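Trainee: I am new to this one. Please take a close look at the interior of this chain and walk me through it.

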Amino acid sequence: MASLLDSFINRSHVAYFSMEIAIRPEMRTYAGGLGILAGDTARSCADLELPMVFVTLVSRAGYFRQRIDDQGQQVEEADCWKPEDFCEPLDAQVAVRVDGRKVWVRPWLYVQDSPRLHQVPVILLDTDLELNAPADREITHHLYGGNDAYRLTQEIILGIGGVRILRALGFDIRTYHLNEGHAALLTLDLLSRNRVPEEDRIPGEIPYDVTKVHERCVFTTHTPVAAGHDRFPYDLVKNLLPDLVEMDTIKRLAGDDHLNMTRLALNTSGYVNGVARRHAETTQRMFPGYHVHAITNGVHSGQWTHPAFAKLYQTHIPHWQHEPESLVRSVQLPDDEVWSCHRAAKADLVEMARKLTGKTLDPDLPTIGFARRMTGYKRPLLLFDDPDRLEAIAARHPFQVVLAGKAHPSDSAGKQAIRELHQLAERFAGKITCVYLPDYGMDIAKTLVAGSDVWLNTPMPPYEASGTSGMKAAHNGVLNLSVLDGWWVEACIEGVTGWAIGEDGGKSSDGDHAKALYAKLEEVVLPLYHTDPAQWRWMMKRAIAHIACYFNTQRMMRRYVTEAYFR
Ligand SMILES: *Cc1c(COP(=O)(O)O)cnc(C)c1O
C-alpha cells in the first residue's frame, strides 16, 4: 500500500473535489446525478491514466435509503456503510479550526481500478475520530443532511480539510477542479498562501494575488436552480469559518449579503464550465461578466452498457471501451443481434421489477422509463397531466411505465409527487401497468436505463443543466423522448436518435408540453413500436452511433485536460 500510495502522490497533479461520488453501489457516498458524474469521471480518469486524485467526504450514513409505505409516502432511513470494507485508512491527520474548535480530519484511500489496469486514488475525508468531540464526529456522516451550520461545516472540511490532507500526504497539486461550488472554500486556503507583501499592496485592492489562484482552479457549475447554489449568512460564516482570509476580502469575492459559494468559485477560478452548451448560455446570463465554457457532460460507457450489448460491441467494435467514439460504427451492427441484446436487458428489468414490487411487466409491451430526482422542475407528473387522455392512448397503443426516484427529505412537493404517482398507478391498474421502483440508485439505474424502450424526460427548460440518464439509455439503444433542454438540445435528431417534446425555445406551459408529449406518443412513438420493428431497430442503432460515440466521459475528460487543465 505504501508504494502504491507513493506512486499516486508522485504522479497526481490535478485534484478533483466533489461533495459526492458514486464509486460503487455499496459505498453510499452519493445522492444523484452530481455523484454519478464524479464517479464516471474517476472511471474515465483511470482508463485514460490521467494524473488525478479525487477528494470527497466519507458520508458514513449516506444520503438515505428510500422506502415507500402503503400510502405512497417516502420514508427515509439511514443508509450506513463501513469505509473499512472497501478503503484503506491513511496515516495522515490534519486539524481545521471550526467554530473556534480544532476538528481533526483523517483520510481513507479507495483505489479506482480500470479494466486497462490503471488506477486513480480517491481520498475520503473522515472526522469520526476519537480525538473529536461527539458532535464533530458526525460532520462527515450525512450527505446533504442537517441545517446550514452543518452544511457549512461539511464544506469547510471538504474544501479546507481536503487541501490540507493532500498537502499532508505529500501531493504536489497544480490544478484544483471544483465539481460544483461545495468545495469552493479551498480557494481561501490557496489565497491565504498568496498574500501580497505589505509594500506591494494597492490601496482598495484585495491584498491577495487572486491571479495565482485563478491559474490553478477550474470550476464546473451544475444547475441554474437557485436552491442548488449554497449561500450562507455571514453571521454563521463569521462563527464557523477558520480565520484564513479577512471578511472584507471574502465579501468582495463571495457577495455582500451572503457567502455565495458559486460567486466565490466564479471569482477564484480561471476556467468556468457549464455542463452542456445550453446550460453554459443560461449560466452566462445568470452571471454576466464571466466567460462560461461548455464541455458537455458524458457517462462512462463501460459502466452503463448492459453486459449483452457490451459483448456485442466487443465483437464488432473491439476498442469501444477506451475509444467510445468508435461506437459511431454501430450503424453496422446486425439488427437481430441488437434486438436480442435489448430483449436480454428488458428481461432483467422485468425480473428486477418483480423482485422489488411484486408487479409483472410484459416484455412485449413498449416500456416507458422515467427515473430522476423527484422535484418540481423535473415535472414527474407531466406524463399524467391528463389521465383520461393517457388511458385513451393506452387503449389503442398499449404501453407500460416504470418510475423511480428519491425526493430530498425537505422537498415536500417532491414527496407529494411520489404519493400522487402511486395513486395514479392504482387508478390505472388493469389499463396501464405503472411500477415505482423504490430506492433509486446506481444498481437500479443500470438495469432500468438499459431495459426500457423509451427514456422519458420532461424538465421545465432551462433548468435541466445537462441530464445524463438519457446518455446511459442511448448506450443500450434505448430511444430518448425528451423536452429540448440540457444535453438533448445537442443530441436530438428527430426520428433518428429519438424525439423531442415540443419546440426549442419559446414559452411553453406545462399544459403545452403535456399536449405535445401525448401527440408524439400517440402519433409517432407508440405506433412505430407496434407496427414497424425494422424502423425501430434502425433508430436504436442511430441512437447508439450518434449519442454513445460523443456523450461519454472519455471525450469529456480529454476536453477538460486539453482545454481546462492545460490552458
Ligand atoms: C444517471 C443517474 C442520475 C442522473 O440522471 P439525470 O438524467 O441527470 O436526472 C441520478 N441518479 C442515478 C442513480 C443515476 O444513475
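Mentor: Begin with the charges, as background. The chain carries 61 positive and 72 negative charges, and their mean positions are 1 Å apart. Keep in mind that this is a predicted model.

Now the overall frame. The chain holds 21 helices and 20 strands. Its C-alpha trace spans about 80 × 45 × 45 Å along the principal axes. A compact globule of 567 residues would have a radius of gyration near 24 Å; the chain has 24 Å, so the two agree. The exposed area is about 21,600 Å², with 49% of it supplied by carbon and sulfur atoms. Turn inward, and buried residues account for 60% of the 567 residues. Contacts also reach far along the sequence. Take those between residues at least 6 apart: 72% of them join residues at least 24 apart.

Next, the part you asked for. In soluble globular proteins, nonpolar side chains tend to be buried together. Here, the largest nonpolar core has 73 residues. Within that core, Phe-17, Ile-123, Tyr-176 and Leu-185 touch the most other members. Helix 4, residues 148-169, gives this core its largest share: nine residues. A separate core lies apart from that one. This other core has 54 residues, including Leu-382, Phe-428, Tyr-518 and Ala-548.

Look closely at Ile-123. Leave out residues up to four places away in sequence, and Ile-123 still touches a long list of partners. Val-53, Phe-54, Val-55 and Thr-56 are among them. So are Leu-90, Pro-107, Trp-108 and Leu-109. Ile-165, Leu-166 and Leu-169 complete the list.

Two residues with unusual backbone angles come next. Ser-59 sits in the loop between strand 2 (52-57) and strand 3 (65-68). Ser-59 is not a glycine, yet its phi is positive, about 40°. Its relative accessibility is 2%; that is under 20%, so Ser-59 counts as buried. Tyr-144 also has a positive phi, near 55°, and is likewise not a glycine. Find Tyr-144 in the loop between helix 3 (134-137) and helix 4. Tyr-144 is buried too, because its relative accessible area is 14%, under the 20% limit.

Another backbone feature is a cis bond. The peptide bond from Pro-461 to Pro-462 is cis, with omega near 5°. Pro-462 belongs to the loop between strand 18 (454-457) and helix 17 (469-474).

Move on to helix 5. Thr-187 lies in this helix, which runs over residues 186-192. Thr-187 has a relative accessible area of 0% and is buried. Its contacts, apart from neighbours within four places in sequence, are Leu-178, Val-213, Cys-217, Leu-264 and Thr-268.

Past helix 5, Asp-209 offers a contrast in exposure. Asp-209 is in the loop between helix 5 and helix 6 (210-216). With a relative accessible area of 27%, Asp-209 is partly exposed. Set aside neighbours within four places in sequence, and Asp-209 is in contact with Asn-194 and Val-196. Pro-197 is 12 residues from Asp-209 along the chain, and their C-alpha atoms are separated by 9.8 Å.

Gly-274 returns us to the interior. It belongs to strand 13, residues 271-274. Gly-274 is buried, at 0% relative accessible area. Not counting residues up to four places away, Gly-274 touches Thr-221, His-279 and Ala-280, and also Val-292, His-293, Ala-294 and Ile-295. Tyr-208 is another matter. Gly-274 and Tyr-208 are 66 residues apart in sequence, and their C-alpha atoms are 27 Å apart.

Finish at helix 11. This helix covers residues 301-304, and Ser-301 is part of it. At 2% relative accessibility, Ser-301 is counted as buried. Beyond residues up to four places away in sequence, Ser-301 touches Trp-320, Pro-324, His-475, Ala-548 and Asn-552. You have met Ala-548 already: it is among the 54 residues of the other core.

Key: Residues are numbered from 1 along each chain as its sequence is written. This is a predicted model: local features need pLDDT of at least 70, side-chain atom pairs count only at pLDDT 80 or more; totals for chains, interfaces and linings use all residues. Side-chain values use heavy atoms; hydrogens and water are left out. Helices (H or I, at least four residues) and strands (E, at least two) are DSSP runs, numbered from the N terminus. The radius of gyration is taken over C-alpha atoms; the globule rule is 2.2 Å times the number of residues to the power 0.38. Buried means under 20% relative accessible area, exposed over 50%, partly exposed in between (1.4 Å probe, protein chains only). Contact means heavy atoms within 4.5 Å. Accessible areas come from the Shrake-Rupley method with a 1.4 Å probe; for residues, only the protein chains shown count as cover. Lys and Arg count as positive and Asp and Glu as negative; His and the chain ends are not counted. The place of a charge is taken as NZ of Lys, CZ of Arg, CG of Asp or CD of Glu. A nonpolar core is a set of buried Ala, Val, Leu, Ile, Met, Phe, Trp, Tyr and Cys residues joined through side-chain atoms within 4.5 Å.
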